[in-house]
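Please look over the structure shown here before reading on, and keep it open beside the text as you follow the explanation.

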Amino acid sequence: MPPPARDRKKESFTLKYLLTITASGIAETVTFPLDITKTRLQVQGQFSSKGIYRGAIKTVVGIVKEEGLRKLFNGLGPAVLRHAVYSGCRLSFYEYIRENIFGRDKHGRYPLWKAIPSGMIAGAMAQYIASPTDLVKIRLQMEGKRVLEGKTPRYTGTWDAFRSIVRSEGITGLWKGWLPNCQRAAVVCLGDLTTYDTVKQAILKYTRLKDNAITHALSSACSGLVSATLGTPADVMKTRMMNQPYVNGRGLHYHSTLDCLVKTVKSEGFWALYKGFLPIWSRMAPWSLTFWLVYEELRVLAGLGNF
């Protein structure tokens, strides 16, 4: 039997959007220190071999010891702002595509061949909208390291970063690196939304588990692992493209995602594409778990039912 038709409340884009950004804000704050660790690992060796931490734990210890505990949360503002745009859009876009464009089958299930393009389209569209906040987050995360290297800080805070980038690079400067950003988001959403939705349906179909916290936790654990595995190379490219300096709209080190990929592998080896994998995975797992548990509960409390 197909699922019953939803009423107008359940189709409310605004309500689902608010629930999504609430859950994503909580998940982002809890796991943010792992994100800055990942970013530092990915850019080490990018321009020089000095100051390399060599490992996630040493990176965290180094940041706290050399820059202070608060620096682990440097860039949290734009990160939460990013998810207010990105996560709100990607979940809403995915669900809209699932329910109104591709549609479920006659048994009320959403087949994998539909879930894959749905996740990729939703992720790329949402990331393009949120790309400026991601650029500011990454640049702020690198400020502590610049100070340690004896360089002058570029920005004093989130809004100063926005203003400075627009002033020096133009409004289009906020979308520097948008292509690798969207490519990464499409892959990550393929791993996250598609995996979560598909695994959850499989658990409900082939086991005796109900649509509850246990099912949500198992589904989110799978989505976190798949997202990290698929998304880390794209994340390294995105981070390096965004972190490089630009002159007259052109990057000084990389001209495109492919150029960045080739130069990274050539100079540092294939496994450089997986720099930061451990903090990415160790962050995606609790992020995904926190987000989906909170989001599913908020949906039930709001009368929307499960995702």
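The paragraphs below follow one helix of this predicted model and then turn to pairs of charged side chains.

Helix α8 covers residues 213-243, and although it has 31 residues, its end C-alpha atoms are only 39 Å apart, which falls short of the 45 Å that a straight helix would reach at 1.5 Å a residue. Following the helix along its length, you will find a bend of about 50 degrees at Gly231, with a proline, Pro233, coming within four residues after it. At the N-terminal end of α8, Asn212 acts as a cap, since one of its side-chain oxygens lies 3.2 Å from the backbone nitrogen of Ile214.

Side chains of opposite charge can pair when their charged atoms come close. The model has 19 salt bridges, and one of them involves α8 itself: Asp235 meets Arg184 at 2.5 Å, N to O. Because Asp235 lies in helix α8 and Arg184 in helix α7 (residues 178-206), this pair ties together parts that are 51 residues apart in sequence. Both Asp235 and Arg184 are buried.

A second salt bridge joins Asp35 and Lys137, whose closest N and O atoms are 3.1 Å apart. Here Asp35 belongs to helix α1 (residues 13-43) and Lys137 to helix α4 (residues 112-141), so that distant parts of the chain, 102 residues apart, are linked. Asp35 is buried, with a relative accessible area of 3%, and Lys137 also counts as buried, at 4%.

In another salt bridge, Glu143 and Arg154 meet at 3.0 Å, N to O. Glu143 is buried, with a relative accessible area of 5%, whereas Arg154, at 26%, counts as partly exposed.

Conventions
Residues are numbered from 1 along each chain as its sequence is written. This is a predicted model: local features need pLDDT of at least 70, side-chain atom pairs count only at pLDDT 80 or more; totals for chains, interfaces and linings use all residues. Side-chain values use heavy atoms; hydrogens and water are left out. Helices (H or I, at least four residues) and strands (E, at least two) are DSSP runs, numbered from the N terminus. The expected span of a helix is 1.5 Å times one less than its number of residues. The bend at a residue is the angle between axes fitted to the seven residues ending there and the seven starting there. A polar contact is a pair of N or O atoms within 3.5 Å; within protein, one must be able to donate a hydrogen and the other to accept it, and residues adjacent in sequence count only if both atoms are side-chain atoms. A salt bridge is a side-chain nitrogen of Lys or Arg within 4 Å of a carboxyl oxygen of Asp or Glu. Buried means under 20% relative accessible area, exposed over 50%, partly exposed in between (1.4 Å probe, protein chains only).
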